[in-house]
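Walk through this model with me, one region at a time. Keep the sequence and the coordinates open side by side.

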Amino acid sequence: MTSGYRSFGRQNLPCLFLVLLLLAGTGIVSAHAPLGAGSNEDIAHAILISNPEKSFVIYTELHESGEAQYYQFPMQKGQILYGSLQVPGPGSMVPNMVIIGPGIESTGNVPSFVEIPAGSGAIIIPGKLPGKPAYEPFSPQPIYEVGRFNVTVPRDGDYYIAVYGPGGGKYSLAPGFLEQFTPAEWLLIPWSVVTIHLWEGQSPWAVCAPMILVVTGGLALVGICRKHLGLHRDPLRWMILISGLLYLGGAAMTALQVVHAVQVTGFTYQVMVTVMFIAGPIILGIPAIREGIRQPRPDSLLKSGINMVIIGILGLLLWAGLIIGPVLAIMSGLLALAKHMGKPDHA
């Protein structure tokens with residue numbers, strides 16, 4: 001049993017190191033917590049950003065010209081209203097921003113349909129499409145930044161950003177500069193990334209095809225060999241196999257998006273951050289598949305159970321398998337441990 005745990009440590013040490021490196025690396029790149037957008041076409045229904053210095057991102061769209069959408073930031077004197085505005089591609093509508101708040105010195109001609117509260121000033125930030133997009137490592141995606149703001153607020157009060165454009169079109173607003181995530185925000189990022197790619201205009205099939213092909217192909221291959229592997233009577237091993245295939249499928253989804261983005265942005269050092277999100281699930285997924293195809297032995301349930309629980313936890317940290325893979329890994333590990341504890345010698 002001691003040799004088994006040593007073997008487990010040798011197999012998973014690279015991924016443990018990868019997780020630590022990744023968590024350290026998040027401090028050198030920009031990360032945003034996703035927010036949902038609602039109906040905010042008048043300033044009374046502005047979307048409230050209660051933590052104005054935390055880094056968020058909102059993916060939404062303007063419906064028509066002559067319309068503004070509003071975002072509210074309760075701030076104290078000396079805080080920084082910082083962030084950027086992006087569009088999904090080079091042919092997108094290019095919106096403009098208006099920074100509104102008490103103590104701001106007004107500049108530019110604010111459109112008549114943009115609401116300015118009494119006692120507030122307004123700064124217009126016109127949008128301009130960049131010559132070349134930047135690479136976003138967490139999505140991954142090309143970022144077409146059309147505007148940026150950095151204002152130290154002069155008074156306590158509510159500040160607003162109004163976004164408007166020459167017509168309808170998609171945009172994303174990324175306010176804040178402090179990269180902070182709640183556990184729920186971190187765990188749900190894989191599904192947020194899927195919605196980002198749909199917002200970019202990719203079809204659901206294009207986004208999910210790598211996952212579908214890897215999982216269905218893997219299951220078909222395993223199904224052909226199921227009698228040889230003894231899988232037809234062991235649902236626990238099927239659960240382990242599916243979790244491992246989901247890890248590999250998620251890595252394939254991310255890899256395809258890297259190829260898509262780098263064709264536009266060119267290669268940058270930030271691509272290596274995304275590579276860690278590809279390598280980690282692969283390093284975890286392969287041992288999970290090996291656990292699933294290995295012939296069961298009476299003394300292997302404890303080791304397999306511990307292995308799968310750890311693989312599941314690390315998978316959640318690395319956004320592997322669209323969350324489903326890590327959940328299946330943890331569930332299969334707990335079931336294996338329950339079976340081990342239920343054996344006669346543990347009764």
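Start with H8 in this predicted model. The helix runs over residues 301-317. Its 17 residues should span 24 Å at 1.5 Å a residue, and the end C-alpha atoms are 25 Å apart, so the length agrees with expectation. Which residues of H8 are buried? The list opens with Lys303, Ser304 and Gly305. It continues with Asn307, Met308 and Val309. Ile311, Gly312, Leu314, Gly315 and Leu316 complete it. A general point helps in reading such a list: an α-helix has 3.6 residues a turn, so residues three or four places apart point the same way.

Now leave H8 at its C-terminal side. Just after the helix comes Trp319, with a positive phi of about 60°. Trp319 is not a glycine, yet it takes this positive value. It sits in the loop between H8 and helix H9, residues 324-341. Is Trp319 buried or exposed? Its relative accessible area is 12%, under the 20% cut-off, so Trp319 is buried.

The loop between H8 and H9 also holds Leu322. Leu322 has a positive phi of about 50° and, again, is not a glycine. Its relative accessibility is 14%, so Leu322 counts as buried.

Go back along the chain to H7, residues 271-293. How do H7 and H8 meet? Their axes come within 10 Å and cross at roughly 150°. That angle is over 145 degrees, so H7 is roughly antiparallel to H8. The crossing of H7 past H8 is left-handed.

H7 has another partner, H6, which covers residues 235-265. The axes of H6 and H7 come within 8 Å and cross at roughly 160°. H6 is therefore roughly antiparallel to H7. This crossing is left-handed. What makes up the contact of H6 with H7? Its residues divide into 18 nonpolar, 6 polar and 2 charged.

Next comes H4, residues 204-224. The helix has 21 residues. From its first C-alpha to its last it reaches 29 Å, close to the 30 Å expected at 1.5 Å a residue. Where does H4 bend? The bend is at Pro210, by about 35°. Pro210 is also one of the buried residues of H4. The others in that group are Val207, Ala209, Met211, Val215, Gly218, Val222 and Gly223.

Turn now to the strands and their loops. Pro140 lies in the loop between strand E8 (134-136) and strand E9 (141-152). A cis peptide bond joins Ser139 to Pro140, with omega about -25°.

Gln79 is in another loop, between strand E4 (68-75) and strand E5 (80-87). Its relative accessible area is 21%, so Gln79 is partly exposed. Gln79 is 72 residues from Val151 in sequence. In space, the two are 8.4 Å apart, C-alpha to C-alpha.

Finish at Glu61, in strand E3, residues 56-62. How exposed is Glu61? At 38% relative accessibility, Glu61 counts as partly exposed. Along the chain, Glu61 and Tyr164 are 103 residues apart. Their C-alpha atoms are separated by 9.9 Å.

Conventions: Residues numbered from 1 in each chain as written. Predicted model: local features only at pLDDT ≥ 70, side-chain atom pairs only at ≥ 80, totals over all residues. Heavy atoms only, no water. Helix = DSSP H or I, 4+ residues; strand = E, 2+ residues; numbered from the N terminus. Expected span 1.5 Å × (residues − 1). Bend = angle between axes of the 7 residues up to and from the residue. Buried < 20%, exposed > 50% of the residue type's maximum accessible area, 1.4 Å probe, protein only. Axes fitted to C-alpha atoms, helices over the stretch in contact; angles between N-to-C directions. Parallel < 35°, antiparallel > 145°, perpendicular 65-115°, else oblique. Left-handed = near helix turned anticlockwise from the far one by under 90°. Nonpolar A, V, L, I, M, F, W, Y, C, P; charged D, E, K, R; others polar.
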